[in-house]
Amino acid sequence: MAPSKAFESDDDEEIEYEIDTSFSAFGGMPVCAEAVHTGAKSGEDAEAPVTGGGARDVAHPAEPAGDGKVVKEIEFIAMEEEEETAKTPFQTRVQAPRPSPAQHTPTTPAHGETLPPWLSEAAWQRILAIRSPLLRLHQEIVDFTRYMQPSENEQASREAAVERVREVALSIWPNAEFAVFGSYATGLYLPSSDIDAVMLSTGCAVPVQGLKALAAALTRKNMAKNVQVIAKAKVPIVKFTEMESDLQFDISFDVANGPAAADWVLAQMNSLVALKPLALVIKMFLQQRELNEVYSGGIGSYALLTMIISHLFLHPSRHTNPEQKLDENLGVLLLDFLELYGRKLNNEMVGVTAAGGGRFFLKKPRNFFNPERPFLLCIEDPQDATNDIARSSYNSPRVRSAFDYAYQTIVASQVPSISGASLLSTMVRLDEVLCNRPCPAPPLIF
């Protein structure tokens, strides 16, 4: 079979994979991964059993490939749950439906549907040449990531907006430091993402007063609209929209852990190639449902990245592969993430950390359990083991339900995907502003 392009490496060499539906897109490793369990220990560092998930390579009636070899069809199914004890921190999963594979592959979107904006006609035809739904999903995620890359104009607009706000802030505190962090600093931002910044070394005894002074200065200069000073948050911030760029800013005072967190995320990106595409897809998914802001009970960017990084560290493919190599099929990794945080993880008992290679831990021995809100997701700050960065995410049940819904929707869309529908568009739908933005010309490299 003719190879199809998947990623492009840093040295611009194209990495190719054969369209063999019984293997992942890169390492020649089976897409499925069996569940791995580790015994729970007692005490503060007790770890919860780690179970695998994902798609299993299932033998259907074999059909000959073009080269005479027999190729098996991969099916989206839920793995059978191993027998669990009453103390397991993972909840029993509902068995997902297993529709039979379709028998044909058309060349146009199903039911007259238009292509999602991240897919050109050429990209869609390339995807239709792939029989495996998981590899189709993988290629769509690659195309989505390319589409979300900021254009030169968007990047220049952000840089100019940051400089204008920096100039106003430093006019009030000339000896302070204005530092950006978060998704803008890491490059993991959507075109509609806000910009996080912090004022350091201001000398303000009461940070809220500093926030109000900055808000007043921006308003006097007619540079900001929709100004809000959120004083009662654990980290008080001023939120506003910069007039010229129409970009949103979140600025805090004298909290140095933001830039440190950005440095940690950048370090993980160097070793986890899958982090960027997964982060962009899931961030867009949460943003569309207004579940991406901590002050409104959603999952913040830092907590979400920690969840994804922990998931990649603990993915079952690392346990089944003798070389401990992470499965590089983005479709598998996304589906397993949704299943883990939407169906399997027992939020009342178990917390998650990405520190030390990632692990699950029991919440109560760490004093992370909140009896008034036992449902809260618990995510340990990789920079501070005493800090639960999801403790204010009171909409955790809605986030869990959204992940579960996305998982079930993708699983149930197996047959439509083979009959000509986009799998990723069942989870992510772009708004009018994003649909009308120009797609950047440079090729995707990550």
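Here are a few exercises with worked solutions on this predicted model.

**Exercise 1. Work out the strand order of the five-stranded open sheet, and find which strands stand at its edges.**

*Solution.* Start with the order, which reads β5-β6-β9-β8-β7, with mixed pairing. Next, look at the two ends: β5 (177–181) and β7 (224–230) each have a single partner strand, so one side of each is left without a neighbour in the sheet. Now add the geometry: from one strand to the next, the twist averages 25°. Finally, see what lies against the sheet. Helix α3 (residues 152–172) packs on it and touches β5, β6, β8 and β9. The direction of α3 makes about 150° with that of β5.

**Exercise 2. Describe how strand β9 pairs with β6 and with β8, and follow aspartate 250 through both pairings.**

*Solution.* Begin with β6 (residues 195–200): this strand runs parallel to β9, and five bridges join them. On the β8 side (residues 237–242), five bridges are again found, but here the strands run antiparallel. Both arrangements are familiar, as strands of a sheet pair through backbone hydrogen bonds, either parallel or antiparallel. Then pick out aspartate 250 in β9: its bridge partner in β6 is aspartate 196, while lysine 239 stands opposite aspartate 250 as well. To finish, check how covered the strand is: of the six residues of β9 (248–253), five are buried.

**Exercise 3. Are helices α3 and α5 parallel, antiparallel, perpendicular or oblique to each other?**

*Solution.* Two packed helices are described by the angle between their axes and the distance between the axes. For α3 and α5 (residues 207–220), the angle is about 120° and the axes lie 10 Å apart. Roughly perpendicular covers 65 to 115 degrees, and roughly antiparallel needs over 145. The pair is therefore oblique. As for handedness, α3 passes α5 in a right-handed crossing. The contact is made by Val168, Ala169 and Ile172 from α3, with Ala213, Leu214, Ala217 and Leu218 from α5.

**Exercise 4. Which residues touch the most other members of the largest nonpolar core, and which elements supply that core?**

*Solution.* The core has 70 residues, and Phe144 and Phe403 touch the most other members. Elements that each supply at least two residues include α2 (133–148), α7 (275–288), β10 (350–353) and α11 (396–412). A second, separate core holds 26 residues, among them Val168, Ile195, Ala217 and Leu218. Now zoom in on phenylalanine 144. Beyond its neighbours within four places in sequence, it contacts Trp118, Leu280, Val281, Met284, Leu424, Val428 and Leu430.

**Exercise 5. Compare aspartate 246 and glutamate 290: where is each found, and is each buried, partly exposed or exposed?**

*Solution.* Take aspartate 246 first. It is found in the loop between β8 and β9, a hairpin with five residues between the strands. Its phi is near 65°, a positive value in a residue other than glycine. With a relative accessible area of 49%, aspartate 246 is partly exposed, because exposed requires over 50%. Glutamate 290 sits in the loop between α7 and α8. Its phi is also positive, about 55°, although glutamate 290 is not a glycine. At 63% relative accessibility, glutamate 290 counts as exposed.

**Exercise 6. Is serine 183 buried or exposed, and what does it touch?**

*Solution.* Locate serine 183 in helix α4 (residues 183–186). Its relative accessibility is 4%, so serine 183 counts as buried. Leaving out residues up to four places away in sequence, serine 183 touches Leu188, Tyr189, Ser193, Asp194, Asp196 and Lys283.

Notes: Residues are numbered from 1 along each chain as its sequence is written. This is a predicted model: local features need pLDDT of at least 70, side-chain atom pairs count only at pLDDT 80 or more; totals for chains, interfaces and linings use all residues. Side-chain values use heavy atoms; hydrogens and water are left out. A nonpolar core is a set of buried Ala, Val, Leu, Ile, Met, Phe, Trp, Tyr and Cys residues joined through side-chain atoms within 4.5 Å. Buried means under 20% relative accessible area, exposed over 50%, partly exposed in between (1.4 Å probe, protein chains only). Helices (H or I, at least four residues) and strands (E, at least two) are DSSP runs, numbered from the N terminus. Contact means heavy atoms within 4.5 Å. Two strands pair if DSSP finds at least two bridges between them. Axes are lines fitted to C-alpha atoms, for helices over the stretch in contact, and angles run from 0 to 180 degrees between N-to-C directions. Angles under 35 degrees count as roughly parallel, over 145 as roughly antiparallel, 65 to 115 as roughly perpendicular and the rest as oblique. A crossing is left-handed if the near helix is turned anticlockwise from the far one by less than a right angle, and right-handed if clockwise.
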